[in-house]
Amino acid sequence: MATPTLPPRQLTARRTTIAMKMAMAVSGALFVFYVLLHMYGNLKLFGGQSAYDVYAEHLRTLGEPILPYSGFLWLFRALLVIALLAHAYSAFYLWSRAQGARTTRYAVKKAAVRTISSRFMRWGGVALLLFLVFHLLQFTTNTIQVNGSHDSPYQRVVAGFQVWWVVVVYVLAMIALGMHLRHGVWSASQTLGWTGTARARTYANAVAVTIAAVVVTGFLLPPLSILFGLIK
Ligand code: HEM
């Protein structure tokens, strides 16, 4: 079917929308990579205090002597911040465009189909951002010390998750993360053109569900094991 020719303004708007969706997909892919890596690292808590503390120290000595102490970590942090800005900006752009376009026929039709999932993506994304602030204050800057102050990263994590409400916060955040990942991986597959056939859609959906399930289970194993005394 031939694509109808759009007026230049609409063509530019459509191109910007595609660019924003691409930015979301690419930055989202980096986050998926990061959370999988972070989740794997956290599982070292099952190896005991020295395994976890050595791992935490390794993150800081990675790349030495070419890079200074913590150099790689700071480069990676910078990349994550850039990706977060791109992700949040494009989400905001697409959100406000969808709001502004509600008077046109196409947007009304699209908004009706996407409302529930896209609303959860938006507010789920905001909830995840708030969780991230809490998380960094708790474990990276040590500003929030729930159950005493500890020098060892292992002891900080164990002390933190011995408190029930901290575990509840993490369980809720991981549910939000799982839903965000499931829908996000699926949307990114669509943006990248990987859902052209019924088979590809089934595959993309299975990949999205698997990534979400692995991340939620892997992240929740340490806090729950600590709360129930399996990790001390
Ligand atoms: C139960 C789940 C989680 C646990 C136990 C956990 C644990 C930790 C710990 C202990 C640190 C400090 C690491 C260090 O300084 O050596 C940390 C840092 C961090 N976590 Fe998590 N985390 C969890 C979930 C998440 C999730 C879901 C995200 C992202 C959505 C996340 C993002 C980060 C980030 C960005 C840092 C800062 C890394 C840095 O630059 O130093 N974490 N986490």
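Q: What is the mean pLDDT of the protein chain?
A: This is a predicted model, in which local features need pLDDT of at least 70 and side-chain atom pairs count only at pLDDT 80 or more, while totals for chains, interfaces and linings use all residues. Residues are numbered from 1 along each chain as its sequence is written. The term pLDDT denotes the predictor's confidence in each residue, from 0 to 100. In the protein chain 91% of the residues reach 70 or more, and the mean pLDDT is 90.

Q: In which element of the protein chain is confidence lowest?
A: Helices (H or I, at least four residues) and strands (E, at least two) are DSSP runs, numbered from the N terminus. The chain has 7 helices and 0 strands, and its pattern along the sequence is α-α-α-α-α-α-α. Confidence is highest in H7, at a mean of 97, whereas the lowest mean, 78, belongs to H4.

Q: Which element gives the most residues to the shell around the ligand?
A: A residue counts as near the ligand if its C-beta atom, placed from the backbone, lies within 6 Å of it. Of the 20 residues around the ligand, Asn42, Ala56, Arg77, Phe139 and Phe219 come nearest. Helices H1 (8-42), H2 (49-61), H3 (71-100), H4 (105-140), H5 (153-160), H6 (164-191) and H7 (198-227) give two or more residues to this shell. The greatest contribution, 6 residues, comes from H4.

Q: How many residues of the shell around the ligand are charged?
A: Ala, Val, Leu, Ile, Met, Phe, Trp, Tyr, Cys and Pro count as nonpolar, Asp, Glu, Lys and Arg as charged, and the others, Gly among them, as polar. By this division the shell holds 15 nonpolar residues and 4 polar ones, and the number charged is 1.

Q: Which helix gives the most to the largest nonpolar core?
A: A nonpolar core is a set of buried Ala, Val, Leu, Ile, Met, Phe, Trp, Tyr and Cys residues joined through C-beta atoms within 7 Å. Of the 21 residues in the largest one, Val158, Leu177, Val215 and Val216 touch the most other members. H5, H6 and H7 each supply at least two residues of this core. With 9 residues, the helix that gives the most is H6.

Q: Which residues does Val215 touch, leaving aside those up to four places away in sequence?
A: Two residues are in contact if their C-beta atoms, placed from the backbone, lie within 7 Å. On that basis, the residues touched by Val215 are Val35, Leu36, Met39, Leu177, Gly178 and Leu181.

Q: Why does Lys232 count as exposed?
A: A residue is buried if 20 or more other C-beta atoms, placed from the backbone, lie within 10 Å of its own, exposed if 12 or fewer, and partly exposed in between. Lys232 lies in the segment after H7, and its C-alpha is 9.3 Å from that of Gln49, although the two are 183 residues apart in sequence. Lys232 is exposed because the number of other C-beta atoms within 10 Å is 9.

Q: Which residue does a cis peptide bond join to Glu64?
A: The partner is placed in the loop between H2 and H3. Omega of the bond is about 5°, and the residue joined to Glu64 is Pro65.

Q: Where is Asn142 placed?
A: Asn142 is not a glycine, yet has a positive phi of about 60°. With 14 C-beta neighbours inside 10 Å, Asn142 counts as partly exposed. Its place is the loop between H4 and H5.
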